[in-house]
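User: I would like a close look at one residue in this model and at the parts around it. Please give the cut-offs behind any terms you use.

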Amino acid sequence: MADLTFSKALATISGMKGEIYQALGETFIMVGLSTLFAVVFGTLLGVLLFVTSNRQLHYNKPLNFVLDNLVNLMRAFPFVILMIALIPATRAIIGSTIGPYAASLVLSVSGLFYFARLVEQNLREVPRGVIEASISMGATPLTIIRKVLLNEARAGMVSSITVLAIGLLSYSAAAGMIGGGGLGDLAIRYGYYRYQTEVIIFIVAILVLMVIAMQGLGNWISRRLDKR
């Protein structure tokens, strides 16, 4: 009986190969695009948060207060509610509110503020003495940011990017609930609505393998960059 059940499950999965490949491609689009945009703009925001904080290069208490609370506010939004709140902006920018590209926009916004906080924390781990030494040697603030702060924090930044990408992979599955597509959408349509448990198990297995691969790659790169 167990063999028969397994055979049926295998036949079901095999018959869905085309949809699985499409869902996997949509997931890669969502995670890839959102990670890229979140890293670029989140790094800029995180650096700004750090340099405007107390005893840093461009201390600005009002600006830092606004940015700090903005990051806290956006991070407090549940992802599904954020997707709904950004529907007008998504329609205006993407031209649609469904599909992987529309979901990528919301994932980017969500990941941006999360990554900004990670960047700020990574920069705080850079020894103060290194920054002061650079200032005493006449380095400009931009040079200090690029060649001292970001360079010294690069191993931690890679670990943070790994955490971000895995988090966005999880959110991309949730995006399937409201038309984002991807593996989450496939699991809901077949596994939940059609009671095909084997589909859910198979998709969960794919997601687990993706997380293991992403974490392993991130750890390897981080170790290579860590010169301590």
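Which is S110, buried or exposed?

Analyst: S110 is buried, with a relative accessible area of 14%; buried means under 20%, exposed over 50% and partly exposed in between, using a 1.4 Å probe and protein chains only. The model is predicted, so local features need pLDDT of at least 70 and side-chain atom pairs count only at pLDDT 80 or more, while totals for chains, interfaces and linings use all residues. Residues are numbered from 1 along each chain as its sequence is written, and side-chain values use heavy atoms, leaving out hydrogens and water.

S110 sits in helix 6; helices are DSSP runs of H or I with at least four residues, strands are runs of E with at least two, and both are numbered from the N terminus. Leaving aside residues up to four places away in sequence, S110 touches F79, L82 and Y171, where contact means heavy atoms within 4.5 Å.

Two of these neighbours belong to the aromatic pairs. A search of the whole structure gives 2 such pairs; rings of Phe, Tyr and Trp (its six-membered ring) pair if their centres lie within 6.5 Å, with planes under 30 degrees apart counted as stacked, over 60 as edge-to-face and the rest as tilted. F37 and F41 are 4 residues apart in helix 2, about one helical turn. F37 is partly exposed at 42%, and F41 is partly exposed at 41%. In the pair beside S110, the ring centres of F79 and Y171 are 4.9 Å apart and the planes lie at 5°, so this pair is stacked. F79 is in helix 4 (residues 79–85) and Y171 in helix 9, so the pair ties together parts that are 92 residues apart in sequence. F79 is buried at 7% relative accessibility, whereas Y171 is partly exposed at 37%.

Helix 6 also takes part in a salt bridge, meaning a side-chain nitrogen of Lys or Arg within 4 Å of a carboxyl oxygen of Asp or Glu. D68 and R117 form one, at 2.8 Å from N to O. D68 lies in helix 3 (residues 61–76) and R117 in helix 6 (residues 100–124), so the pair ties together parts that are 49 residues apart in sequence. R117 is buried at 11%, and D68 is partly exposed at 24%.

Further along the chain, R128 forms a salt bridge with E132 at 3.3 Å. Both lie in helix 7 (residues 128–136), 4 residues apart, about one turn of the helix. Back at helix 6, salt bridges that share partners join D68, R117, E120 and R124 into one network.

The count for the structure is 6 salt bridges. Another of them joins the side chains of E19 and R189 at 3.9 Å, N to O. E19 lies in helix 2 (residues 17–51) and R189 in helix 10 (residues 182–192), so the pair ties together parts that are 170 residues apart in sequence. E19 is partly exposed at 29%, and R189 is partly exposed at 31%. Helix 10 itself is mostly covered, with 8 of its 11 residues buried. What covers those buried residues includes helix 2, helix 9 (154–175) and helix 11 (197–225).
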